[in-house]
Amino acid sequence: MKHPVTDYITLVFDCDGVVLDSNKVKTEAFYQATLPYGEAAAQAMVDYHVANGGVSRYKKFAHFLDQIAPNYTEQHGPNLEALLQAYAGYVREGLLSCEVAPGLEALRNQTPNARWLIVSGGDQAELRDVFAQRGIAEWFDGGIFGSPDNKDEILARELASGKIQQPALFLGDSKYDYQAASAAGLDFVFLSGWSEVERWEEWVNQQKIKSVASLSELA
């Protein structure tokens, strides 16, 4: 983060763990969706999910069926489509009830001329629906984007279209957020408060990344 937050023309937000306190929602949903394969398989899925923050559910469930499920005795369970459906049901419920980041509204008021975007690993249609229902969709005037496109694809596309203009800042809570922001040439701030990155202090010090506990520290 090279400038004060008010100097940025574009602010790009990850959703889970940044705008919504929804990391735990997703983790629990991965567990519940894969539970028909047995508790050990479901726990292995959770471990894989936490280690790969920011990657889309499509890739995660495909990995589960190819690499994880075959190692367990209860190999017969829901297929990819059924896993995705079960997961979406658990997630939707959680996204509608979890906490919205304190400081989000104050930050919007402080950056009235900046364009805001969501670039998430979450499902795009689901995100748009949840943000509209929670009354925060209009703050993200640059658009709300998610999977099936990945973050690298979304950032490249929105930079090319001029929707993301420099100086731009990406606010994220995973290593993938940092990689995607760096590859796209965006400044980055790591939000630690709700992150599931293990030993994040070590990592931010190593990479010399600016970190804050929550959005209220930026506002």
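## Accessibility and the model

A residue is called buried when its relative accessible area is under 20%, exposed when that area is over 50%, and partly exposed in between. R92, at 30% relative accessibility, therefore counts as partly exposed. The structure described here is a predicted model.

## A salt bridge between two helices

R92 forms a salt bridge with D129, and the closest N and O atoms of the pair are 2.4 Å apart. D129 lies in helix α6 (residues 124-133) and R92 in helix α4 (residues 80-97), so this pair ties together parts that are 37 residues apart in sequence. Like its partner, D129 is partly exposed: the relative accessible area is 31% for D129 and 30% for R92.

## Other salt bridges

The structure holds 11 salt bridges. One of them joins the side chains of D16 and K26, with an N to O distance of 2.6 Å. D16 sits in the loop between β1 (10-13) and α1 (23-34), while K26 belongs to helix α1; the two are 10 residues apart, and the pair links distant parts of the chain. Are these two residues buried or exposed? D16 has 10% relative accessibility and, because the limit for buried is under 20%, counts as buried. K26 is buried too, with a relative accessible area of 4%.

A further salt bridge is formed by the side chains of D149 and R157, at 2.9 Å from N to O. Salt bridges that share partners join D149, R157, E158 and K163 into one network. Within this network, D149 is partly exposed at a relative accessible area of 31%, and R157 is partly exposed at 33%.

## D187 in strand β5

D187 is found in strand β5. With a relative accessible area of 11%, D187 is buried. What does the side chain of D187 make polar contacts with? One partner is the side chain of K2, at 3.1 Å. Another is the side chain of Y8, at 2.7 Å.

K2 and Y8 also appear in the list of residues in contact with D187, which leaves aside neighbours within four places in sequence. The other residues in that list are M1, H3, A168, L169, F170 and A181.

## Cis peptide bonds

Most peptide bonds are trans. The bond from S147 to P148, however, is cis, with omega near 20°. P148 is placed in the loop between β3 (143-147) and α7 (151-161).

Q166 and P167 are also joined by a cis peptide bond, and here omega is about -5°. P167 is located in the loop between α7 and β4 (168-172).

## Positive phi angles

Most residues other than glycine have a negative phi. R199 is not a glycine, yet its phi is positive, at about 50°. This residue is in the loop between β5 (187-191) and α9 (200-207). R199 counts as exposed, because its relative accessibility is 58% and the limit for exposed is over 50%.

K208 is not a glycine either, and has a positive phi of about 55°. Where is K208? K208 lies in the loop between α9 and β6 (210-212). With a relative accessible area of 75%, K208 is exposed.

Definitions and conventions: Residues numbered from 1 in each chain as written. Predicted model: local features only at pLDDT ≥ 70, side-chain atom pairs only at ≥ 80, totals over all residues. Heavy atoms only, no water. Helix = DSSP H or I, 4+ residues; strand = E, 2+ residues; numbered from the N terminus. Buried < 20%, exposed > 50% of the residue type's maximum accessible area, 1.4 Å probe, protein only. Polar contact = N/O pair within 3.5 Å; in protein donor to acceptor, adjacent residues only side chain to side chain. Contact = heavy atoms within 4.5 Å. Salt bridge = Lys/Arg side-chain N within 4 Å of Asp/Glu carboxyl O.
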